[in-house]
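Here's a short walk through a protein model, written for someone opening it for the first time. Take a look at the picture, then read on.

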Amino acid sequence: TQVTEVGDIDSPNAYFMATFQNGLTAYYKTQVKPLSARATLTWNETWLEDTDGDVISYNYDTSHPGEVLLHEIRYSGQDDHGVIKDGRQAIRYEYETRPDIDSSFLAGGETRQTQRITAIVMGVERAKVFGGFQKKFEYEFHYATSHSSGRSLLVAVTRCEFVDQNSKECDAATTISWQDGAVSFSAPLAYSVQKPDQSQYRDWQ
């Protein structure tokens, strides 16, 4: 694998290319700069291209400060002389605000976790006159709050097929169980030690 930096590392237009032995080339153009960070810390993959110019593109949601979320993956796209044309087949990710917001810090920057995924939706992008994005299948994710940690626990996943854009038929949910008892502490056990019977010991002096 050959990795190439394009542009000055401190430039807002800097990105990386990774060329693999199988001919695929990945472009990392989505810069991730945590809150209060002085510089970009990571670059997310923006698209993956094969030798025929076929493209898989990755689109991100950056509307939440300190957080970058994968919003959509588009398949069957094309590289038209350097202009990426997204394909029609798509996978979309839906989120909700999580009750257990968390933060981490690195190099003076804050990365936040404010959202949790609620659904992965597969469909086809059509012209708006034909209704726009047409949903085909989706996986729904359901959560509970941990009694011991207060964190979100995934407890069920449901697969659904859309009959039309307003109705769907769903399979029985696949459930996930956790060992999640409330944290508790018990008083230490009391032990009694019997004094040895001195008469059992001989005086060797």
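Let's start with two aromatic residues: both Tyr27 and Trp47 are buried. This is a predicted model, by the way, so keep in mind that everything below describes a prediction.

**Aromatic pairs**

How many aromatic pairs does the structure hold? There are 2 of them. In one, Phe16 and Trp43 meet edge-to-face, with 80 degrees between the planes and 5.0 Å from centre to centre. Phe16 belongs to strand β2 (residues 15-19) and Trp43 to strand β5 (residues 42-44), so this pair ties together parts that are 27 residues apart in sequence. Phe16 is buried, and Trp43 is buried too.

Tyr27 and Trp47, the residues we opened with, form an aromatic pair that is stacked: the planes are 25 degrees apart and the centres 4.5 Å. Where do these two sit along the chain? Tyr27 is in strand β3 (residues 25-28) and Trp47 in strand β6 (residues 47-49), so the pair links parts that are 20 residues apart in sequence.

Here are the two pairs side by side.

| Pair | Arrangement | Centre to centre | Angle between planes |
|---|---|---|---|
| Phe16 and Trp43 | edge-to-face | 5.0 Å | 80 degrees |
| Tyr27 and Trp47 | stacked | 4.5 Å | 25 degrees |

**Charges over rings**

Aromatic rings turn up in another role as well. The charged end of Lys29 sits over the ring of Tyr15, 4.2 Å from the ring centre. Likewise, Arg92 has its charged end over the ring of Phe133, 4.0 Å from the centre.

**The disulfide**

Now for the cysteines. The structure has 1 disulfide, formed by Cys160 and Cys170, whose sulfur atoms are 2.0 Å apart. Cys160 lies in strand β13 (residues 152-164) and Cys170 in strand β14 (residues 167-170), so the disulfide ties together parts that are 10 residues apart in sequence. Is it right-handed or left-handed? The torsion about the S-S bond of Cys160 and Cys170 is about 105 degrees, so the disulfide is right-handed.

The two ends of that bond have their own surroundings. Cys160 has a relative accessible area of 0%, so it counts as buried. Cys170, with a relative accessible area of 39%, is partly exposed.

**Two more residues to look up**

Arg98 is part of strand β10 (residues 89-106). Is Arg98 buried or exposed? Its relative accessibility is 14%, and because buried means under 20%, Arg98 counts as buried. The side chain of Arg98 makes a polar contact with the side chain of Asp100, at 3.0 Å. Leaving aside residues up to four places away in sequence, Arg98 touches Gln113, Thr114, Gln115, Arg116, Arg151 and Ser152.

Lys33, for its part, is in the loop between β4 (30-32) and β5. Which residues does Lys33 touch, not counting those up to four places away in sequence? They are Arg38, Ala39 and Thr40. The C-alpha atoms of Lys33 and Thr111 are separated by 8.6 Å, with the two positions 78 residues apart along the chain.

**How confident is the prediction?**

The chain has an average pLDDT of 89, and 93% of the residues score at least 70. Among the elements of the chain, strand β15 (residues 174-175) has the highest mean pLDDT, 97, while strand β9 (residues 83-85) has the lowest, 88. Where pLDDT is low, the predicted coordinates shouldn't be read in detail.

Methods: Residues numbered from 1 in each chain as written. Heavy atoms only, no water. Disulfide = S-S within 2.5 Å. Helix = DSSP H or I, 4+ residues; strand = E, 2+ residues; numbered from the N terminus. Buried < 20%, exposed > 50% of the residue type's maximum accessible area, 1.4 Å probe, protein only. Phe/Tyr/Trp six-rings, centres within 6.5 Å; stacked < 30°, edge-to-face > 60°. Lys NZ or Arg CZ within 6 Å of the ring centre and 35° of its normal. pLDDT = per-residue confidence, 0-100. Polar contact = N/O pair within 3.5 Å; in protein donor to acceptor, adjacent residues only side chain to side chain. Contact = heavy atoms within 4.5 Å.
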